[in-house]
Amino acid sequence: ATRILNAKRNNRPFKVSFAGYSVTVGRGNYFHQSYPFVLEKLLKKPMSFLGITLQIRNAAIGGVPSFPYGWCLENFLGEDVDVISWDFSMNEAGGVPNGLE
């Protein structure tokens, strides 16, 4: 909530970036049908009622593991992001159910 209020206070977009594998990319669907952009479609209007522009970035890359991808997050997700969603659990949980939490 603090970051949302800061975006409003500073009159700037609220930025959410997504990283992950093919699920986040939206493999099997069109890119605009991936869940980051579905979330954008759901939240854009309520955010606009608050006077905040919502900006979504989907930087997920199917088939690329978190290492070395994780070393380049600033380049992929941006250094000005308010929230990051990191979804690598499906392929990197190591067979441990808690890895999916």
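**Close-up views of a predicted chain**

Of the 101 residues that make up the chain, 30% count as buried, and the model shown in every view is a predicted one.

**View 1. The whole chain, with its six helices and three strands.** Followed along the sequence, these elements come in the order α-β-α-α-β-α-α-β-α. When contacts between residues at least 6 apart in sequence are considered, 64% of them join residues at least 24 apart. The accessible surface of the chain comes to about 6700 Å², and carbon and sulfur atoms account for 58% of that area.

**View 2. Helix α3, which runs over residues 35–49.** The 15 residues of this helix should span 21 Å at 1.5 Å a residue, and because its end C-alpha atoms lie 22 Å apart, the expected and modelled spans agree. The helix nevertheless bends by about 40 degrees at L43, with a proline, P46, following within four residues. After the helix comes G51, a residue whose phi is positive, near 80 degrees.

**View 3. The buried residues of α3 and their cover.** Within this helix P36, F37, E40 and M47 are buried. The elements that cover the buried residues of α3 include two helices, α1 (2–9) and α2 (22–25), together with the strands β1 and β2 (54–58).

**View 4. L54 in strand β2 and its surroundings.** L54 has a relative accessibility of 5%, and therefore counts as buried, the cut-off being under 20%. Leaving aside residues up to four places away in sequence, L54 touches F14, V16, E40, L43, K44 and M47. Of these partners, E40 and M47 are themselves among the buried residues of α3, while L43 is the residue at which that helix bends. Between L54 and K41 the separation is 13 residues in sequence and 9.7 Å in space, taken from C-alpha to C-alpha.

**View 5. K15 in strand β1, which covers residues 14–20.** Is this lysine buried or exposed? At 11% relative accessibility K15 falls under the 20% cut-off, and so counts as buried. With residues up to four places away in sequence left out, the contacts of K15 are Q55, R57, D80, V81, D82 and V83. Two of these partners, Q55 and R57, belong to the stretch 54–58 that forms β2, the strand in which L54 also has its place.

Conventions. Residues are numbered from 1 along each chain as its sequence is written. This is a predicted model: local features need pLDDT of at least 70, side-chain atom pairs count only at pLDDT 80 or more; totals for chains, interfaces and linings use all residues. Side-chain values use heavy atoms; hydrogens and water are left out. Buried means under 20% relative accessible area, exposed over 50%, partly exposed in between (1.4 Å probe, protein chains only). Contact means heavy atoms within 4.5 Å. The expected span of a helix is 1.5 Å times one less than its number of residues. The bend at a residue is the angle between axes fitted to the seven residues ending there and the seven starting there. Accessible areas come from the Shrake-Rupley method with a 1.4 Å probe; for residues, only the protein chains shown count as cover.
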